Amino acid sequence: MSDTAQGAGWWQASDGKWYPPEAHPAARAAPTIPAAPVPRAFAPAASQQGMSGCAKALIIGGIVAAVGVVGVIVLLVVVVRKGVDEVSKNVVGVAGRPASLPRGENGYRGMLTRDQLAGESGTVRLAGYTTTATGWARATTADGLAVICGDVTVRSPLKQGETNDVRDVLTVVGAENWTLLTPGGTEEAVSSAASDFDALANFLSRGQLGGTAKGKVCFADAGEKGRHVVTWQPRLFNAARGVWLVRI
């Protein structure tokens, strides 16, 4: 306050004194504008640890399915390989010394465990046939061809011929199924001209039940001396063979 006005807005009270503008009763304090609230800082939602049960189930199911597929593939590989092995054993045969090879007798090239060696009688029983081959000796054909021939008898009490085509019959008892291995290891072909396969096939082409057929089986003669190995494989897709050890 003051005894005199000190400037604009000063006012004189009833006591004769002068007061500043802010002291006047009518003066109102300016409304205080509240400060804008500071936005609440929200912490980022914590990432969920782990995953939902559905996701886990899908992943586990995928793993199980993958394992199952692998298992099926492995099983197929095993089954197919086993099947191939069995077919190979049956069609190609297993190399090894046959049980029927006499003790003290040397092995021969290409011998198979399923080979059946003919005994002293020269007989083997194979594929429903009883086949005897004896009298192996060197000979010369009318054309001057040197050959090694044997007298062959085929008996078949159970087989019944169903064809008159000699070529079909020969696939069972024919030239394709006879071979000769020389002492030096050379494989000689059958001499169809010197052999008598028609006679061996006749009882089949008659269509009779069983029977006996006789004929000669001959091979080209390489002139070697020693043990020759004659083999007969009656079934084209079966490795079982009859074997004759022929010393000439």
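Which residue in strand 11 is the bridge partner of Leu117? Select Leu117 and then Val243, since Val243 is that partner in strand 11. Keep in mind that this is a predicted model, in which local features need pLDDT of at least 70 and side-chain atom pairs count only at pLDDT 80 or more, while totals for chains, interfaces and linings use all residues. Residues are numbered from 1 along each chain as its sequence is written, and side-chain values use heavy atoms, with hydrogens and water left out.

Next, select strand 3 (116-117) and strand 11 (242-247), which run parallel and are joined by two bridges; strands here are DSSP runs of E, at least two residues long, numbered from the N terminus. Widen the view to the open sheet, where five strands follow the order 3-11-10-7-8 with mixed pairing, two strands being paired if DSSP finds at least two bridges between them. Its edges are strand 3 and strand 8 (187-188), each of which pairs on one side only.

Now colour the largest nonpolar core, which has 21 residues, and pick out Trp136, Trp178, Phe219, Val230, Trp232 and Trp244, the members that touch the most others. A nonpolar core is a set of buried Ala, Val, Leu, Ile, Met, Phe, Trp, Tyr and Cys residues joined through side-chain atoms within 4.5 Å, and buried means under 20% relative accessible area (1.4 Å probe, protein chains only). Apart from this core lies another, of seven residues, including Leu117 and Val243.

Finally, go to Asn238, in the loop between strand 10 (227-232) and strand 11. Asn238 counts as buried because its relative accessibility is 11%, and a polar atom of its side chain lies 3.0 Å from the backbone nitrogen of Ala240.

Definitions and conventions:
Helices (H or I, at least four residues) and strands (E, at least two) are DSSP runs, numbered from the N terminus. Buried means under 20% relative accessible area, exposed over 50%, partly exposed in between (1.4 Å probe, protein chains only). A polar contact is a pair of N or O atoms within 3.5 Å; within protein, one must be able to donate a hydrogen and the other to accept it, and residues adjacent in sequence count only if both atoms are side-chain atoms.
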